[in-house]
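Let's take a walk through this structure together. Have your viewer open, and we will go from one side chain to its partners, then out to the sheet and its helices.

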Amino acid sequence: MSKFMKLAFEQAYLALEKGELPVGAVVVGGGEVLGRAYNLTLTTSNPIAHAEMLAIQRSAKTIGDWRLSGCSIYVTLEPCPMCTGAILLSRISDIHFSAYDHKDGACGSTMNLAVHPIFGHRARIHHESGGEESSQLIREFFRRRREK
């Protein structure tokens with residue numbers, strides 16, 4: 001597992017502690033972390049507060065530009081269609097993720113929007129190790145929710 005994916009997992013664990021779906025994301029440019037985040041949809045009652053969306057927003061603010069060309073995003077779970085669209089619109093070059101999302105994933109499991117010709121930009125997909133850890137975190141989240 002890459003060092004940046006480990007940082008994404010740190011974010012996922014923070015999400016779990018907060019009672020959020022444990023997904024973490026980190027945007028990297030030039031070998032430096034530009035933005036990191038975890039899901040906040042439940043805390044903020046905001047359906048678009050996914051880890052990827054927040055990490056992209058923070059990264060754009062860090063560099064002062066919406067274009068994140070040449071950057072990579074590391075996510076513990078395969079991005080959904082909304083997040084994949086935001087990744088492509090921000091011009092991120094590489095998407096790294098650990099666990100496939102066979103329900104909502106948009107980077108190879110249910111569909112692959114990252115290379116769809118509807119977008120003017122395409123991103124390279126990298127599947128990294130850690131999928132079982134990510135799946136376990138999500139199972140733990142739902143186990144805790146059922147207990148409440």
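Is E140 buried or exposed? In this predicted model, E140 has a relative accessibility of 19%, so with the limit for burial set at under 20%, E140 counts as buried. Its side chain meets that of R144 in a salt bridge, with 2.9 Å from N to O. The two residues sit four positions apart in helix α5, which means that about one helical turn separates E140 from R144. R144 counts as partly exposed, at 37% relative accessibility. The pair also belongs to a wider arrangement: salt bridges with shared partners link E140, R143, R144 and E147 into one network.

Where does helix α5 itself lie? Spanning residues 131-147, it lies across β3 and β4 and runs at about 65° to β4. This brings us to the sheet, which is open and has five strands in the order β2-β1-β3-β4-β5, with mixed pairing. At its edges stand β2 (32-38) and β5 (124-127); each has a single partner strand, so one side of each is left without a neighbour in the sheet. On average, neighbouring strands here are turned by 20° against each other, ignoring direction.

Now pick out one pairing within the sheet. Strand β1, residues 24-29, and strand β3, residues 72-77, run antiparallel to each other and are joined over four bridges. If you would like a particular position to follow, start at V28: its bridge partner in β3 is S72. Another helix, α3 (residues 51-63), lies across β1, β2 and β3. The angle between α3 and β2 is about 145°.

Let's return to charged side chains. How many salt bridges does a search of the whole structure find? The search finds seven. One of them joins D65 to R67, where the closest N and O atoms are 3.1 Å apart. Both partners are partly exposed: D65 has a relative accessible area of 29%, and R67 has a relative accessibility of 41%.

Another salt bridge links D104 with K103, and here the closest N and O atoms lie 3.3 Å apart. D104 is partly exposed, with a relative accessible area of 34%, whereas K103 is exposed, at 67%. With K103 in view, you can look back at E140, the buried residue where we began.

Methods. Residues numbered from 1 in each chain as written. Predicted model: local features only at pLDDT ≥ 70, side-chain atom pairs only at ≥ 80, totals over all residues. Heavy atoms only, no water. Pairing = 2+ DSSP bridges. Axes fitted to C-alpha atoms, helices over the stretch in contact; angles between N-to-C directions. Contact = heavy atoms within 4.5 Å. Salt bridge = Lys/Arg side-chain N within 4 Å of Asp/Glu carboxyl O. Buried < 20%, exposed > 50% of the residue type's maximum accessible area, 1.4 Å probe, protein only.
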